[in-house]
Amino acid sequence: MQSEARPEARRPIRQLDAAAANRIAAGEVVERPASAIKELVENALDAGARRIAVAYADGGKTLIRVSDDGHGIPAEELPLALSRHATSKIDGTDLTNIRSFGFRGEALPSLGAVGRLTVTSRAAGAAEAASISVRGEEQGATRPAALAKGTVVELAGLFTATPARLKFLRSDRAEAQAIGEILRRLAMAAPGVGFTLSDVTDQGSPREILRLDPEPGELFDGLPARLRAILGPDFAENALAVEAEREGIALGGFAALPTFSRGAAVAQHLFVNGRPVRDKLLLGALRAAYSDVLARDRHPAAALFLTCEPEAVDVNVHPAKAEVRFRDPGLVRGLVIGALKQMLAGAGHRGSTTTGAGMLGAFRPESGEYAKAYSPPAAAPRNYAYAYSPPPRPSARALGFAEEMQAPSARVEPEPEEEAPESHPLGAARAQFHETYVIAQTPDGIVIVDQHAAHERLVYERLKAARQGARVPGQMLLIPEVVELDAGQEAAVLEAREALDGLGLVVEPFGRGALCLRETPAILGEVDGGALLRDVADALIEGAGDGLGQRIDAVLSRMSCHGSIRAGRRMTAAEMNALLREMEATPLSGQCNHGRPTWVELRLADIERLFGRRG
Ligand SMILES: Nc1ncnc2c1ncn2[C@@H]1O[C@H](COP(=O)(O)OP(=O)(O)OP(=O)(O)O)[C@@H](O)[C@H]1O
Ligand SMILES: [Mg+2]
């Protein structure tokens with residue numbers, strides 16, 4: 001049959017019947033249960049609802065129901081609400097002045113084309129409610145119904161008429177999760193509206209997934225509380241307010257400190273006039289604003305709200321309204337980057353890393369004489385690739401020393417006899433301070449090493465080297481660990497199971513939403529398996545579009561963070577020296593996996609200048 005449709009066998013052009021045309025058009029609007037819910041909730045918001053209840057069964061595949069207390073639809077307009085290109089929101093004369101979510105008059109007819117749709121509504125002031133059903137082209141009669149207020153829209157058997165489409169849906173869990181995500185997003189921009197989400201798959205005992213009470217106050221007064229409820233207290237505590245305005249375009253919201261970044265771009269919530277968007281321009285501006293303070297593979301977390309006159313933005317450029325087009329993109333980009341950079345600068349050292357040059361600058365007395373004489377040290381650390389000399393075996397004395405000293409925050413270690421400071425580029429370890437940094441003495445200065453960043457790089461290189469051989473050796477866990485993952489993470493890990501196996505990370509399915517972790521890469525030593533697996537999953541999700549080699553590197557990089565000496569761990573002199581020696585022997589050890597320096601050098605000459613000993 002397929003072969004009949006080859007281009008050379010020309011067939012006459014004909015008009016598709018309405019049912020087929022509608023189904024095709026509907027495909028653009030309703031991709032999955034979550035997109036149906038988005039349309040229905042937007043309709044409820046457009047109707048001025050203060051409370052919106054969403055229910056679904058089987059991930060929304062068998063049933064979706066959205067109930068609201070908005071202004072409702074008069075009985076005589078119900079048939080019109082279900083017909084294509086019928087809307088109460090615009091009159092068609094001015095497409096530049098759209099102030100509602102809806103404007104196409106497409107959502108309800110599209111839903112009617114892909115499932116059995118029932119709308120029950122009671123318009124404000126009406127004596128009774130009315131109900132109408134539609135399936136495909138068969139629209140039923142309007143009948144009286146029982147409803148105190150507002151509108152209830154029910155969609156049953158989504159895509160049963162289009163089995164091809166049904167096949168593209170993911171598991172019930174994954175669809176349910178997408179529903180939750182879209183609802184949370186919409187709820188962020190409407191803090192004054194109360195939302196509930198329930199799973200009614202088991203009709204006997206519905207499960208409440210989400211409850212958001214309406215936040216009091218004007219439009220955005222309730223925003224902080226709503227964001228805390230949705231994004232969690234961690235976000236709230238690590239985020240700073242963003243506020244800026246330029247030529248009639250206002251930016252508000254919250255963005256998190258760089259240290260609160262995520263492994264994937266999953267915590268970026270952008271809104272234009274209350275409409276959730278995944279807009280390339282805005283996402284790019286967000287990334288650009290953080291580029292100085294965040295590694296390429298880390299993603300800032302933010303909830304940002306742009307508001308402007310509707311004329312400044314075209315919302316009619318994407319079938320699911322997920323993208324917009326600004327009249328002046330440069331203005332918007334500048335506004336977003338400027339406001340975020342200002343916020344980050346205001347956060348001061350909370351969010352920034354210090355390089356050698358920056359640190360020296362901070363040390364310097366402010367008087368001009370010294371400043372003039374000062375010449376900054378080589379800013380970018382060099383990469384060392386020296387011949388490897390095995391680290392000295394830890395001497396009993398050195399180990400004992402570390403154990404005796406209980407709580408000092410800076411310790412002076414005895415210099416191991418076998419080490420002459422001159423003999424190694426990174427010098428001899430002299431002290432560890434704040435259980436995070438190692439100070440080493442070199443022939444002409446001192447080196448400060450970030451122990452975690454440095455070790456992370458070393459573990460990464462070791463993992464890469466091990467993978468060159470064959471399988472990265474795994475280490476069986478004495479007790480296999482059951483790790484709970486969200487649906488996306490679970491799917492990503494299972495999909496990559498074989499590749500992960502080759503990296504020494506062995507998992508097995510363990511029922512809904514959980515995996516059983518049996519082996520971790522031996523190189524990592526003892527790790528928190530759950531945290532490791534979740535991070536690896538994030539790396540996989542993030543690299544979904546990349547080639548296999550790239551994804552594996554990303555996974556190794558993420559793994560190495562877990563196998564590394566943590567900041568905050570006290571090290572013995574022998575351990576510190578071993579770290580320095582291995583750094584010298586490892587290529588690219590000058591920066592950690594995130595591109596930050598692993599060590600900085602202060603030369604004696606610079607130190608002498610600081611103290612005015614040199615001109
Ligand atoms: N929950 C609701 N409460 C009140 N009126 C509603 C509700 N849902 C739909 N309507 C009415 O039905 C009309 C058609 O809804 P539909 O979603 O199909 O189109 P729209 O919202 O106008 O545009 P769009 O296709 O862009 O969403 C709306 O214009 C509105 O008047
Ligand atoms: Mg609509």
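Visitor: With accessible areas computed by the Shrake-Rupley method with a 1.4 Å probe, where for residues only the protein chains shown count as cover, what area does the chain expose, and what share of it do carbon and sulfur atoms supply?
Guide: This is a predicted model, in which local features need pLDDT of at least 70, side-chain atom pairs count only at pLDDT 80 or more, and totals for chains, interfaces and linings use all residues. Residues are numbered from 1 along each chain as its sequence is written, and side-chain values use heavy atoms, leaving out hydrogens and water. The chain exposes about 30300 Å², of which carbon and sulfur atoms supply 52%.

Visitor: Which residues have the most contacts inside the largest nonpolar core?
Guide: A nonpolar core is a set of buried Ala, Val, Leu, Ile, Met, Phe, Trp, Tyr and Cys residues joined through side-chain atoms within 4.5 Å, where buried means under 20% relative accessible area, exposed over 50%, and partly exposed in between (1.4 Å probe, protein chains only). The largest such core has 60 residues, and those with the most contacts inside it are Val41, Ile52, Leu117 and Phe195.

Visitor: How many residues has the other core, the one that includes Ile98 and Leu283?
Guide: This core lies apart from the largest one, and Val332 and Ala339 are also among its residues. Its size is 36 residues.

Visitor: Is Asp94 buried or partly exposed?
Guide: Asp94 and Glu311 are 217 residues apart in sequence and 9.9 Å apart in space, C-alpha to C-alpha. The relative accessible area of Asp94 is 34%, so Asp94 is partly exposed.

Technical notes. Chains lettered and ligands numbered in written order. Areas by Shrake-Rupley, 256 points an atom, 1.4 Å probe, with all protein chains shown as cover.
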